[in-house]
Structures are given as C-alpha cells and as structure tokens.
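Subject: Structure handover

Hello,

Here is the structure I said I would pass on. My notes on what was found in it follow below.

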Amino acid sequence: MLQANLLSLFWEGFVVQGWEAPDEQSLIVTLAACGVGVCSGCGERVGAVHDTTWRRVRERDLLGRRVGLRVPVRRVKCPSCGVHVERVAWLAGQRALTRGLIAWIEILVHLLPIKQVAALVGVHWHTVKAIDKARLRRDVPVPDYSQVRRLIMDEFALFKGHRYATVVICAATQAVLWIGEGRSRQAIRPFFKALGSACAQIEAVAMDMNSAFDLEVRAHCPRAEIVYDLFHVIAKYGRDVIDRVRVDQANALRDQRPARRVIKRSRWLLRNPENLTDEQAVRLDELLAANAPLATVHVLKAQLKELWFAASAEIAQLGSTPLARTHPSNALLTATAIPTTSS
Ligand SMILES: [Zn+2]
C-alpha cells in the first residue's frame, strides 16, 4: 500500500495522509511520519518521541496548483544529545520552503528578475532575494587578489540615480573583485585595504575621468598607471567639447534662423556618426561642410579615439595625421588621454 503512494516519492520519511483543495489554485497535503526519526544532533535513529509540532511549508507547484504541506515534525529523546528535533532531509532548516522549491527558485533567478520569480512561484520578493544571495555566497568563489595586475573601476547608479555604487573588476578575467556603496575616495578605500600587499603589484587602473578614483589609486598603488577609458573620454568629449562648440555656433547665428535651427538640431548627428541613415549622413556632411568649428571638433573626436589603438605612446603622441600634429588642441588631448602601454 505504501509503495503505491506516488507522492511519497518526494518526501523521504513521510507518507501522504490526506489532502484538501480549498480553491482551484491550491492543494494542501497532510503528511504522516513513517519509521523512526533521526536525531539532527548525531544522526542516530531514535525511537523515543518527545513531542510533535505541525509545520506548514511551501512545496513546488503541482499541475498548476500551489502546494502547501502540513508536516508533523518530531522531537526525539536521543540518548546522546537529549531532546532534539528530528532531521528531515527535504526541509531547509527553519525555512517555510522545501529544499526542492528552493532549488527551483535558484534555477529561475538565473533566467528572470527577482520580482518575476516571486510572482511566478508565489513567495515574497525578500525570500527570493535571500535565496539568490545565499546561492551566490555558495557558488561564486572568493576573488583571488594575488593574481590581479590590472583593474577597471566604474560607478553605477542605485535607486534611479539618487545614490551611487562602485564596482572594481579584474581587467584580465572580468571577474568582479569588489562592490561598495558610494563613489568617493573614502567609499572605495576599503577595497584597497582588502587588496593589502597586492596593491604593490597593480600596473594599471582604468576609470572615468570625472571620478575621484585616481587620487585614491595613487595613494595606495605606487606602480599603477591611471588609464582613462575610451568610452568615458569620448562621452566627456561629446559633453564638454562638441556640445559647447555647437551651442556657441548656434548662438553666433542668432540672426540667421534656418541655419541656427540646423545646428541646434544636430546634437544626435554629431554624437552618433556611426549609426546614421543615408539621409542623416548627408545632413551631417552638409553641416560639417558649412561650419568649420564643428568640422574641426568632429575630426578631433575621430583622432581622439585612435589614441586607444596606437601601437605605442610615442606613435600616439606623434599623431596620425597633420591635423593632429598642428592643431592647438593636440597638446591637451595627448596630455589627458594617453592610455597605458606598459607591457
Ligand atoms: Zn543525537
């Protein structure tokens, strides 16, 4: 009779005693213990029962129904340990979820955001979050700082930009080495404390030009070169140089309305020359042909990008075209944005 009880497959040491379906989405299964309990202290089988407590736990859904289990958990009178709760292999400590449901949530958090997993499985957001956190603690190895030579530091927004956090990545492996709240020198100091003697072996650190990271890196890593990365420098160039020149040019054409409008609407064209339609590319060409200052900053942007692909610092400093050598901005660009080539 017990062998015929299919559902007993799933809950070792228990059989199904009864079930009820309070509505069309739910199933509540009542279990009964079979066999003697195992002491959770020493792992011995103990026949003497001290008392029994009914626990309610969530199990994985079954054929579209949310499944709740009613489980009679015994405390046994162990000769070695005294009164101890019995060991139930498929219960996860005091958690109100079975190990099977937790394993299922661990699979889902790989595929979906926490909010969607919580809705799909029918458990609280915080519960899913705690399971994901425990999984990460268990599965993600502690970073090995001893092999790290080059770092990437960046900030990212928390809570829609009201607060910031900093992430430090190993440039060679892309492994996340550290995350901390804030983006000030003080906020990132704990990372260098954790890095300890490995600070001396850091050769280069890539970062945004706007950050305070460079001062803190210099304070801790005497050998490290600061590298301003391509993405951040080009974005800064767009904001501080191209936008400035564009606004000045538009203002200078105050009396020539149509020409002024063309320049005022050119922001996107100048920002994304790689992603233009044929028609937009023609508009950009016409704009650059008609406005020398905008044409100059546009060419300089292309040359600025080339710095990151130069074979050496010397070649980058020479510049690849006559314009780069003769233009007064050249000195500024090379002084601020030479990437490291120490290898
Ligand atoms: Zn025991």
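The centres of domain 1 and domain 2, taken over C-alpha atoms, are separated by 22 Å in this predicted model. Where the two touch, domain 1 supplies 7 residues and domain 2 supplies 9. Strand β5 gives 5 residues to the side of domain 1 that touches domain 2, and this is the largest share. The full domain assignment is domain 1 (1–90), domain 2 (92–140), domain 3 (145–228) and domain 4 (231–337).

Overall form

The protein has 13 helices and 12 strands. Its radius of gyration is 32 Å, whereas a compact globule of 343 residues would have one near 20 Å. Along the principal axes, the C-alpha atoms fill a box of roughly 95 × 50 × 30 Å. Of the 343 residues, 22% count as buried. Among contacts with a separation of 6 or more, 44% join residues that are 24 or more positions apart.

Nonpolar cores

Which residues touch the most other members of the largest nonpolar core? They are L151, M153, I202, V205, M207, C221 and A224, in a core of 32 residues. This core lies between domain 3 and domain 4, because both of them give residues to it. C221 is in contact with C199, I202 and V205, leaving aside its neighbours within four places in sequence. There is also a second, separate core of 20 residues, which includes F14, V67, L91 and I105. As a general point, nonpolar side chains in soluble globular proteins tend to be buried together.

Two helices

Helix α1 covers residues 99–111, and its 13 residues reach 19 Å from the first C-alpha to the last, close to the 18 Å expected at 1.5 Å a residue. L101, I102 and I105 are buried in α1. These residues sit on the same side of the helix, because they cover an arc of only 95 degrees around its axis. The face turned away from that buried side carries the exposed residues I107, H110 and L111. What covers the buried residues of α1 includes β5 (49–62), α2 (114–121) and α3 (125–139). Two of the names here return from earlier: I105 belongs to the second core, and β5 takes part in the contact of domain 1 with domain 2.

Helix α9 (residues 278–290) also has 13 residues, and its end C-alpha atoms are 19 Å apart, which agrees with the 18 Å they should span at 1.5 Å a residue. Is α9 largely buried or largely in the open? The number of its residues that are buried is 1, so α9 lies largely in the open.

Two loop residues with positive phi

L63 has a phi near 50 degrees, a positive value in a residue other than glycine. L63 is placed in the loop between β5 and β6 (65–78). It has 6 other C-beta atoms within 10 Å and is therefore exposed. Q174 is not a glycine either, and its phi is positive at about 65 degrees. Q174 is found in the loop between β9 (163–170) and β10 (176–181). With 8 other C-beta atoms within 10 Å, Q174 is exposed.

Two valines

V76 is found in strand β6. It has 26 C-beta neighbours inside 10 Å and so counts as buried. Leaving aside neighbours within four places in sequence, V76 is in contact with G37, C39, V46, A48, V49, H50, H84 and E86. How far is V76 from H298 in sequence and in space? They are 222 residues apart in sequence, and their C-alpha atoms are 80 Å apart in space.

V247 has its place in helix α6 (residues 230–252). With 13 C-beta neighbours inside 10 Å, V247 counts as partly exposed. K264 is 17 residues away from V247 along the chain, and the C-alpha atoms of the two are separated by 7.1 Å.

Regards

Terms used. Residues numbered from 1 in each chain as written. Predicted model: local features only at pLDDT ≥ 70, side-chain atom pairs only at ≥ 80, totals over all residues. Helix = DSSP H or I, 4+ residues; strand = E, 2+ residues; numbered from the N terminus. Expected span 1.5 Å × (residues − 1). Buried ≥ 20, exposed ≤ 12 C-beta atoms within 10 Å, placed from the backbone. Arc of directions from axis to C-beta. Core = buried A, V, L, I, M, F, W, Y, C linked by C-beta atoms within 7 Å. Domains from an automatic or database assignment. Rg over C-alpha atoms; globule rule 2.2 N^0.38 Å.
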